[in-house]
Amino acid sequence: MTVQVLKLLDFLSISLEMETTSNQNPMESHKLKLFCVDDSIMFLKIMKKTLENAPYDVVTECDPQVALNLLSQWAGTKDQPQLITLDWKMPLFTGLDLLMWLRRHPAYHLTPVVMVTAEMTESD
């Protein structure tokens with residue numbers, strides 16, 4: 001699953017880099033902020049370690065309520081992530097709940113979001 005997520009993140013980062021670097025000095029080093037929300041601390045550690053040398057500044061959070069608070073604080077600032085991954089199933093509320101909040105928020109309504117799940121059955 002991690003490899004598939006990484007391939008998708010690579011694809012999204014290429015298009016985002018093209019958008020964000022068109023207005024920047026080509027000599028500047030630019031890392032996209034990736035915000036990963038998942039209740040599995042192990043998955044978050046794997047994502048952070050795997051992407052540490054990639055063009056991402058990876059920020060992780062395992063509590064969806066804290067993630068929502070952070071997203072609210074970052075909205076419209078330089079700290080706002082350009083790319084978000086959300087776990088499908090989490091306690092309190094789901095990644096789909098967070099996605100609906102993001103789509104209604106003016107600062108995030110166009111932000112790319114990757115939904116992630118470890119579930120492997122058709123019913124999930």
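**Around D38 and the strand before it**

Let me begin with one short distance: a polar atom of the D38 side chain lies 2.8 Å from the backbone nitrogen of S40. A polar contact here is a pair of N or O atoms within 3.5 Å, where within protein one must be able to donate a hydrogen and the other to accept it, and where residues adjacent in sequence count only if both atoms are side-chain atoms.

This is a predicted model, in which local features need pLDDT of at least 70 and side-chain atom pairs count only at pLDDT 80 or more, while totals for chains, interfaces and linings use all residues. Residues are numbered from 1 along each chain as its sequence is written, and side-chain values use heavy atoms, with hydrogens and water left out.

As for the overall layout, the chain has 4 helices and 4 strands, these being DSSP runs numbered from the N terminus (H or I and at least four residues for helices, E and at least two for strands). Along the sequence they follow the pattern α-β-α-β-α-β-α-β. Of the 124 residues in the chain, 37% are buried, where buried means under 20% relative accessible area, exposed means over 50%, and partly exposed lies in between, with a 1.4 Å probe and protein chains only.

Coming back to D38, this residue is found in the loop between β1 (32–37) and α2 (41–50). What is its nearest side chain of opposite charge? That is K89, 12 Å away, and D38, although buried, has no salt bridge. In this count Lys and Arg are positive and Asp and Glu negative, with His and the chain ends not counted, and a salt bridge requires a side-chain nitrogen of Lys or Arg within 4 Å of a carboxyl oxygen of Asp or Glu. Leaving out residues up to four places away in sequence, D38 touches F43, L44, E61, C62, D87 and M90, contact meaning heavy atoms within 4.5 Å.

The strand before this loop, β1, has 6 of its 6 residues buried, so it is largely enclosed by the rest of the structure. Both of its faces are covered, with L32, L34 and C36 on one side and K33, F35 and V37 on the other. Strand β1 pairs in the parallel sense with β2 (residues 56–61) over 6 bridges, pairing being assigned if DSSP finds at least two bridges between two strands. Within that pair, F35 has V59 as its bridge partner. The chain crosses from β1 through α2 to β2 in a right-handed β-α-β crossover, that is, with the strands pointing away from the viewer, the path from the first strand over the helix to the second runs clockwise. Strand β1 also pairs in the parallel sense with β3 (residues 83–87), over 4 bridges, and there L34 stands opposite L83.

Beyond β3, in the loop leading to α4, L92 has a positive phi of about 75° although it is not a glycine, and at 69% relative accessibility L92 counts as exposed. L96, in helix α4 (residues 95–104), is partly exposed at 35% and touches W88 and M115, again without residues up to four places away in sequence.

Finally, how many salt bridges does the structure hold? There is 1, in which the side chains of K78 and D79 meet at 3.5 Å, N to O. K78 counts as exposed at 77% relative accessibility, whereas D79, at 32%, counts as partly exposed.
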